[in-house]
Protein chains: 2
Amino acid sequence: MAAHALAWIELNARRGGEVATSEQIANSVNTNPVVIRRLLGELRGAGLVESRRGAGAGWRLLRPAESISLAEVYRAVEGDPQFALHPATPNQKCPVGQGIRSALTPVYDAAEQALSAELARTSVADVLRESIAAP
Amino acid sequence: MAAHALAWIELNARRGGEVATSEQIANSVNTNPVVIRRLLGELRGAGLVESRRGAGAGWRLLRPAESISLAEVYRAVEGDPQFALHPATPNQKCPVGQGIRSALTPVYDAAEQALSAELARTSVADVLRESIAAP
DNA sequence: TCCTGTCGTAACCGTATTGGTTACGACGGA
DNA sequence: TCCGTCGTAACCAATACGGTTACGACAGGA
């Protein structure tokens, strides 16, 4: 949904729209404007968009769509690590339980890294282009 | 937890244990035996372990720990795709909404692929070794 | 100055997921 | 026959997520 929202803002800008309102975006994503405002709020925290209030308010990209990668979007939206360790701390009296977390942490880090690197290959502009090109 | 359980089964085997019971594994993972049985049930479905019932029952790896990668474990446990598309189908009357899903699907597939490739670099035997080696 | 449109945010709901727990039947070796 | 273990259903609490309503804050125009 975040990728969709950003692509829509970019399309709107290319059509001459100064800013995009959460209601317009919600109409395309088919959800509630509040959901969009929450979502874009996180992206604003990551420095990807800015919002204007008052009359004629709305949202705008802070950087060219070509330079915003899905890795940044992903990181902004899915803040916490994707790979969680055990909910309860394992049995420290067992050799495995004692060392399992420090054994898995680097593996998880590498996995997140690989994921991020792959997502970095696609930009919001790419998403928009492929969306428009779809049959 | 799945990686932990498999590593424990392997450690137990190296110590001469024929099979590992869900209660023993649960003791190391610090959870309930039923949770372990459910978990290993999925891994059995993926052909990674087998279970024996009756007296003296328990679990055993079906393949050498060196040949079981975390990618297989991950796939067995986290069956469905990690990247979900929109919960509600987007507005088909909008160019972005109409094409966004077919634009994102290949990106998601590539991301899952990158993730899997990274996890494939680590085996259950690696996890056990690193766990035991931990300070 | 007031009015209007939009964001910002809190509050709440329903649903789904997850790990945990209890319970009990099924199985199979001793 | 007995006993230990798996297999599985049922239920619970906690959490997360998208959705919805509501309302104050803000800013620009009339």
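Biologist: Where does A:Asn30 lie?
Modeller: In the loop between α2 (22–29) and α3 of chain A. Helices (H or I, at least four residues) and strands (E, at least two) are DSSP runs, numbered from the N terminus.

Biologist: What should I know about the model itself?
Modeller: It is a predicted model, so local features need pLDDT of at least 70 and side-chain atom pairs count only at pLDDT 80 or more, while totals for chains, interfaces and linings use all residues. Residues are numbered from 1 along each chain as its sequence is written, chains are lettered from A and ligands numbered from 1 in the order in which they are written, and side-chain values use heavy atoms, with hydrogens and water left out.

Biologist: Back to A:Asn30. What is its phi?
Modeller: Near 70 degrees. That is a positive value in a residue other than glycine.

Biologist: Buried or exposed, A:Asn30?
Modeller: Partly exposed, with a relative accessible area of 39%. Buried means under 20% relative accessible area, exposed over 50%, partly exposed in between, with a 1.4 Å probe and protein chains only.

Biologist: And what phi does B:Asn30 have?
Modeller: About 70 degrees, positive, although B:Asn30 is not a glycine. B:Asn30 sits in the loop between α2 and α3 of chain B. It is partly exposed, at 40% relative accessible area.

Biologist: At what angle do α2 and α3 of chain B cross?
Modeller: Roughly 105 degrees, for α2(B) (residues 22–29) and α3(B), whose axes come within 8 Å. Axes are lines fitted to C-alpha atoms, for helices over the stretch in contact, and angles run from 0 to 180 degrees between N-to-C directions. That makes α2(B) roughly perpendicular to α3(B). Under 35 degrees counts as roughly parallel, over 145 as roughly antiparallel, 65 to 115 as roughly perpendicular and the rest as oblique.

Biologist: Which residues make the contact?
Modeller: From α2(B), B:Ser22, B:Glu23, B:Ile25, B:Ala26 and B:Val29. From α3(B), B:Pro33, B:Ile36, B:Arg37 and B:Leu40. Contact means heavy atoms within 4.5 Å. The set splits into six nonpolar, one polar and two charged. Ala, Val, Leu, Ile, Met, Phe, Trp, Tyr, Cys and Pro count as nonpolar, Asp, Glu, Lys and Arg as charged, and the others, Gly among them, as polar.

Biologist: Now the DNA. Which residues come nearest to strand D?
Modeller: A:Thr31, A:Arg38, B:Ser22, B:Arg44 and B:Arg53, of the 26 residues around DNA strand D. Near means that a heavy atom of the residue lies within 4 Å of the molecule or strand. Sugar and phosphate account for 57% of the atoms of DNA strand D that come within 4 Å of the protein.

Biologist: What does A:Arg38 reach on strand D?
Modeller: A base nitrogen, 2.7 Å from a polar side-chain atom of A:Arg38. Such a polar contact is a pair of N or O atoms within 3.5 Å; within protein, one must be able to donate a hydrogen and the other to accept it, and residues adjacent in sequence count only if both atoms are side-chain atoms. On the phosphate side, a polar side-chain atom of B:Ser51 lies 2.7 Å from a phosphate oxygen of DNA strand D.

Biologist: Which residues come nearest to strand C?
Modeller: A:Ser22, A:Arg44, A:Ser51, A:Arg53 and B:Thr31, of 26 around DNA strand C. Here 55% of the strand atoms within 4 Å of the protein belong to sugar or phosphate, the rest to bases.

Biologist: What is 2.7 Å from the side chain of B:Arg38?
Modeller: A base nitrogen of DNA strand C, paired with an N or O atom of that side chain. B:Gly54 uses a polar backbone atom, 3.4 Å from a base oxygen of DNA strand C. Elements giving two or more residues to this surface are α3, β1 (49–52) and β2 (58–61) of chain A together with α3 of chain B.

Biologist: Switching again. Where is B:Asn91 found?
Modeller: In the loop between α4 (70–77) and α5 (95–119) of chain B. B:Asn91 is buried, at 18% relative accessible area. A polar atom of its side chain lies 2.9 Å from the backbone nitrogen of B:Lys93.

Biologist: Which residues does B:Asn91 touch?
Modeller: A:Asn27, A:Ser28, A:Asn30, B:Gly97 and B:Gln98, not counting residues up to four places away in sequence.
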